[in-house]
Amino acid sequence: MATDYDAPRKQDEDLKEDSIEELQSRRSDQQSGSVDEDEAAAAESFELPGADLSNEELSVVVLPAQEDEFTCGSCFLVRHRSQLAEERDGVKFCFECMG
Ligand SMILES: [Zn+2]
């Protein structure tokens, strides 16, 4: 009877050792996987404010031309209306580029 109890115990211990090794190997796999997930999540969280910044940059690019200003179609600098030398098909050019 004692051997009957001993035999399954040994098997259980062997199984335990095997499962522990498996768990350890799996844990290391999960750790590396979780690191990747964290990096991915961090990248995503970084992308959101970055997208907002790009939107701000776009609006900044669009905004500078005030009512009394224009963007030169040749040098692409924002010029005061007083520097408007010529307008062709809605594209304005400054004196510097026309001169
Ligand atoms: Zn110009």
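Trainee: How many disulfides does the count come to here?

Mentor: Keep in mind that we're looking at a predicted model. A disulfide is a covalent bond between the sulfur atoms of two cysteines. For the count, a pair of cysteine sulfur atoms has to lie within 2.5 Å. By that rule, the number of disulfides is zero.

Trainee: Okay, then which protein donors does the zinc ion have?

Mentor: Look at the SG atoms around the metal. They lie 2.2 to 2.4 Å from the zinc ion, and a donor has to be within 2.8 Å. The residues that supply them are C72, C75, C94 and C97.

Trainee: What arrangement do the four donor atoms make around the zinc ion?

Mentor: Check the angles. Four donors count as tetrahedral if all angles lie between 85 and 135 degrees. Here the angles run from 101 to 115°, so the arrangement is tetrahedral.

Trainee: How are the donor residues of the zinc ion spaced in sequence?

Mentor: Walk along the chain from C72 through C75 and C94 to C97, the residues that hold the zinc ion's donors. C75 sits in the loop between β1 (69-71) and β2 (78-80), while C97 is in helix α2 (residues 95-98), and that pair links distant parts of the chain, 22 residues apart. Written as a pattern, the spacing is C-x2-C-x18-C-x2-C.

Trainee: Is C94 buried or exposed?

Mentor: Buried means under 20% relative accessible area. C94 has 0% relative accessibility, so this donor residue counts as buried.

Trainee: And what do C75 and C97 count as?

Mentor: Between 20% and 50% a residue is called partly exposed. C75 comes in at 27%, so that label fits C75. C97 has a relative accessible area of 29%, so C97 is also partly exposed.

Trainee: Which residues is R79 in contact with, leaving aside its neighbours within four places in sequence?

Mentor: First find R79 in strand β2. R79 is buried because its relative accessible area is 10%, and buried means under 20%. Its contacts are D68, E69, F70, C72, C94 and E96.

Trainee: Zooming out, what pattern does the protein chain follow along the sequence?

Mentor: Start with the pieces: the chain has two helices and four strands. Reading along the sequence, you get α-β-β-β-β-α.

Trainee: What percentage of the protein chain's residues are buried?

Mentor: The chain has 99 residues. It exposes about 8,600 Å², with carbon and sulfur atoms supplying 52% of that area. As for buried residues, their share is 5%.

Key
Residues numbered from 1 in each chain as written. Predicted model: local features only at pLDDT ≥ 70, side-chain atom pairs only at ≥ 80, totals over all residues. Heavy atoms only, no water. Donors = N, O, S within 2.8 Å, 3.2 Å for Na, K, Ca; no water. Tetrahedral: all angles 85-135°; square planar, octahedral: opposite > 155°, others 65-115°. Buried < 20%, exposed > 50% of the residue type's maximum accessible area, 1.4 Å probe, protein only. Areas by Shrake-Rupley, 256 points an atom, 1.4 Å probe, with all protein chains shown as cover. Contact = heavy atoms within 4.5 Å.
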